[in-house]
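Q: Please take a close look at one part of this model, a place where two helices meet, and explain how that part relates to the rest of the chain.

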Amino acid sequence: MIIHSITGPMGNIQQKFIFTEEKEMEIQSIDIVGLGALGVMYADFFTKKLGKEHVRVLADSSRVERYRRDQVTFNGEVCDLGYCDAAKESRTSQLILFTVKYGALAEAMEEVAHLVDEHTILLSALNGIRSEEDLGRRFGADKVVHCIAQKMDALKEGNTATCANRGELALGMMGEDRKENLDAVVAFFERTGFCYSCPEDIRHAMWGKLLCNVGVNQTVTWYAGTYRTVQQQGEAREMMKAAMEEVILVANAEGVDLSKRDLEQWVSIIDTLNPDGEPSMRQDSKAGRKMEVSLFAGTICELGRKHGIATPVNDRFLERWGTA
């Protein structure tokens, strides 16, 4: 038995992992489900690293036809991706990364269900704290590695995706997660040079990302602005912080040790993002797509009622948008 300390490509402090002499599963390929800003960014990265034969962009036939017809670009470069009609694929998936919006997750799971076997590992880059539970209920919690997409400022308008900061995926174990699956994903990311971190407490990290999203996504959308809207001093920045403070109160009631320090750390990250960039909720609002307010204000207001905690800022968001 060997104790080995892993450090990701970004130099993040990592958990210690214990490896036995038994050969661990090696991931050779990855499937991407969802071609929004993050989906394009990840598909482009892994395709360039591994080749199209090892990276499938899975979708239904109509989307595949559209993807092949309309060129998708990332940072000004046309993406040469392996678009695949999920219904016609038979090779089971080693690793599936879901990058759809939460409202499309149920449909996406069914589209790829026949490609999931006992060895398939599932990752979700979705916002909020619910998608891993949904994946676990559908496919088994032991197939899920808990994951957070963070610190990026990806933007997609039409078929054009851009990103100044690619950020990272934070990984961890919770509940019935299998450690060998986490080890396999870490090894895959190390081999491909993909940026990741392994926080000691993934539940705390997931709530920290929710803290960020509840504040920045909703506030920027409220003011119809960009990251600059909340990076400068003023009413918008104070609204963002107030919404985040409500998350801290609710998280504490749920047994999650979020604090003012977490708020300050996330605000400092937000301040490094491209001032002209936009969070995903603002992009959805501009495009007339369904927004994820139910994942943000909806979650906080529901838990606030459960614990008798006032959530006036998130109540305002929910009153304005409902479940839009």
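**A helix pair and its surroundings**

A: In this predicted model, the axes of helix H6 (residues 202-222) and helix H12 (residues 312-321) come within 11 Å and cross at roughly 50 degrees. Angles from 35 to 65 degrees fall outside the parallel and perpendicular classes, and H6 is therefore oblique to H12. The crossing of H6 and H12 is left-handed.

The residues that form this meeting can be named. On the side of H6 they are Val 214, Gln 218, Thr 219, Thr 221 and Trp 222. They meet Asn 314, Arg 316, Phe 317, Arg 320 and Trp 321 in H12. Sorted by class, the contact of H6 with H12 comprises four nonpolar, four polar and two charged residues.

Helix H6 also has a connection to a sheet. Three strands make up this open sheet, in the order S10-S13-S14, and their pairing is mixed. Strand S10 (146-150) and strand S14 (196-197) stand at the edges with a single partner strand each, so one side of each has no neighbour in the sheet. S10 pairs with strand S13 (residues 168-172) in the antiparallel sense, over five bridges. Within this pairing, Gln 150 has Glu 168 in S13 as its bridge partner. H6 packs on the sheet and touches both S10 and S13, and the direction of H6 makes about 35 degrees with that of S10.

Elsewhere in the chain there is another open sheet, with five strands in the order S7-S4-S3-S8-S9 and parallel pairing. Its edges are strand S7 (83-85) and strand S9 (121-124); each has a single partner strand, so one side of each is left without a neighbour in the sheet. On average, neighbouring strands of this sheet are turned by 30 degrees against each other, direction ignored. Strand S3 (residues 30-33) and strand S4 (residues 55-59) run parallel and are joined by four bridges; Val 33 has Leu 58 in S4 as its bridge partner.

Helices lie across this sheet as well. Helix H2 (residues 61-69) lies across S4 and S7, and runs at about 155 degrees to S7. Helix H4 (residues 131-139) lies across strand S8 (95-98) and S9, at about 155 degrees to S9.

These parts belong to a chain with 12 helices and 14 strands. The radius of gyration of the chain is 19 Å, close to the 20 Å that the globule rule gives for 324 residues, so the chain is as compact as a globular protein of that length.

Key
Residues numbered from 1 in each chain as written. Predicted model: local features only at pLDDT ≥ 70, side-chain atom pairs only at ≥ 80, totals over all residues. Heavy atoms only, no water. Pairing = 2+ DSSP bridges. Helix = DSSP H or I, 4+ residues; strand = E, 2+ residues; numbered from the N terminus. Axes fitted to C-alpha atoms, helices over the stretch in contact; angles between N-to-C directions. Contact = heavy atoms within 4.5 Å. Parallel < 35°, antiparallel > 145°, perpendicular 65-115°, else oblique. Left-handed = near helix turned anticlockwise from the far one by under 90°. Nonpolar A, V, L, I, M, F, W, Y, C, P; charged D, E, K, R; others polar. Rg over C-alpha atoms; globule rule 2.2 N^0.38 Å.
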